[in-house]
Amino acid sequence: MNRPIIALDFSTMAEVEGFLTQFNEPLFVKVGMELYLQQGPTIIKEIRAMGHDIFLDLKLHDIPNTVGKAMAGLGSLDVQMTNVHAQGGSSMMKRAAESFKDRNPDGILIAVTQLTSTSEEMMQREQKSILSLDESVIHYAQLAKDSGLDGVVSSPLESQLIHEHCGNDFLTITPGIRLNEDSKDDQARVVTPARAHVLGSDYIVVGRSITKASNPVGQYIKVKEEWESGAE
Ligand SMILES: O=C(O)c1cc(=O)[nH]c(=O)n1[C@@H]1O[C@H](COP(=O)(O)O)[C@@H](O)[C@H]1O
């Protein structure tokens, strides 16, 4: 079972250090826009030096040339996973994959399908999509697969469908994870770690349930046990 990925949604190195030094094991952590855009590439070096694996989540979405060039930079950083937005299209994703894999052949490149903060009602009202949420996620997953990516980001609610359409080796990375007692915050499609296991997600991404807990290590262990056992 892959370790739960902890979203380090902090803005300073001091907060990151304060959080990570509580743990006595190598973690898989996510560095997102909030942290990377304020601390830059140094944060990657610092976290790698502490022995943790990194998912660099910048969700690149621009014209193919720009994303290709930006991915060349990210490919030179020592990260284990990174992502783009599938809505940027197949040419953009192909350029991203070429640039990233050229420099980091073992790195995992994934694409966001529909954000877990998006509901079906919102998708149809704001994106004017004629597809259902499931259809849209499958469409983008297939496009990402055909463009040479390793997997997609979605809610665990779509993991089974993605595996049915794109195969079991195509990775499903799933945020929007909440324990039963947690609030949903700004997420629309939420699932417990146990349910994500049952639905066949390959990775779960967990932020506030762990980072805002009074005992983050205890909460991480709880999430990990639920995720590994599939029982709440
Ligand atoms: O790409 C992501 O990681 C991502 C995609 C998505 O659809 N939804 C989503 O929540 N995320 C990220 O996953 C994390 C979820 O955080 P929490 O809601 O605090 O658990 C955040 O850092 C989001 O940026």
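Helices and strands here are DSSP runs, numbered from the N terminus, with at least four residues for a helix and at least two for a strand. By that count the protein has 11 helices and eight strands. The model is predicted. The eight strands close into a barrel, and the pairing is parallel. From one strand to the next, the twist averages 25°.

**Overall build**

- The protein has 232 residues and a radius of gyration of 17 Å, which agrees with a compact globule of that length, expected near 17 Å.
- Along the principal axes, the C-alpha atoms fill a box of roughly 45 × 40 × 30 Å.
- Of the 232 residues, 40% count as buried.
- Contacts reach far along the chain: among those between residues at least 6 apart in sequence, 66% join residues at least 24 apart.
- UniProt, in an unreviewed entry, lists residues 3–223 as "domain: Orotidine 5'-phosphate decarboxylase".
- Over residues 3–223 the chain is 43% helix and 16% strand. The end C-alpha atoms of that stretch are 10 Å apart.

**The barrel around E4, E5 and E6**

- The barrel order is E1-E2-E3-E4-E5-E6-E7-E8.
- Strands of a sheet pair through backbone hydrogen bonds, either parallel or antiparallel.
- Strand E4 covers residues 81–85 and strand E5 covers residues 108–112. E4 and E5 pair in the parallel sense over five bridges.
- Two of the partnerships can be named: Met81 has Ile108 as its bridge partner in E5, and Val84 has Ala111.
- Helix H5 (residues 90–103) packs on the sheet and touches E3 (53–60), E4 and E5. The direction of H5 makes about 160° with that of E5.
- The chain runs from E4 through H5 to E5, and this β-α-β crossover is right-handed.
- On to the next strand: E5 pairs with E6 (residues 151–153), again in the parallel sense, over three bridges.
- In E6, Gly151 is the bridge partner of Ile110.
- E5 is mostly covered, with four of its five residues buried.

**Lys59**

- The unreviewed UniProt entry places the feature "active site" at Lys59.
- Lys59 lies in strand E3.
- Is Lys59 buried or exposed? Lys59 is partly exposed, because 16 other C-beta atoms lie within 10 Å, and that number falls between the cut-offs of 12 or fewer for exposed and 20 or more for buried.
- Leaving aside neighbours within four places in sequence, Lys59 is in contact with Asn83, Val84, His85 and Val112.
- One of those contacts, Val84, is the residue bridged to Ala111 in E5.
- The backbone of Lys59 has a positive phi of about 45°, although the residue is not a glycine.

**Lys128**

- Most residues other than glycine have a negative phi.
- Lys128 is not a glycine, yet has a positive phi of about 55°.
- Where does Lys128 sit? Its place is in the loop between helix H6 (120–126) and helix H7 (133–146).
- Lys128 counts as exposed, because just 7 other C-beta atoms lie within 10 Å and the cut-off is 12 or fewer.

**Glu226 and the chain ends**

- Glu226 is found in helix H11, which spans residues 216–229.
- Why does Glu226 count as buried? Glu226 has 22 C-beta neighbours inside 10 Å, and 20 or more is the cut-off.
- Leaving aside neighbours within four places in sequence, the contacts of Glu226 are Thr192, Pro193, Ala194, Ala231 and Glu232.
- Glu226 and Met1 are 225 residues apart in sequence. In space, C-alpha to C-alpha, Glu226 and Met1 are 12 Å apart.

Terms used:
Residues are numbered from 1 along each chain as its sequence is written. This is a predicted model: local features need pLDDT of at least 70, side-chain atom pairs count only at pLDDT 80 or more; totals for chains, interfaces and linings use all residues. Two strands pair if DSSP finds at least two bridges between them. Axes are lines fitted to C-alpha atoms, for helices over the stretch in contact, and angles run from 0 to 180 degrees between N-to-C directions. Two residues are in contact if their C-beta atoms, placed from the backbone, lie within 7 Å. UniProt positions are given in the numbering used here, feature names are shortened, and annotations may be inferred rather than shown by experiment. A crossover is right-handed if, with the strands pointing away from the viewer, the path from the first strand over the helix to the second runs clockwise. The radius of gyration is taken over C-alpha atoms; the globule rule is 2.2 Å times the number of residues to the power 0.38.
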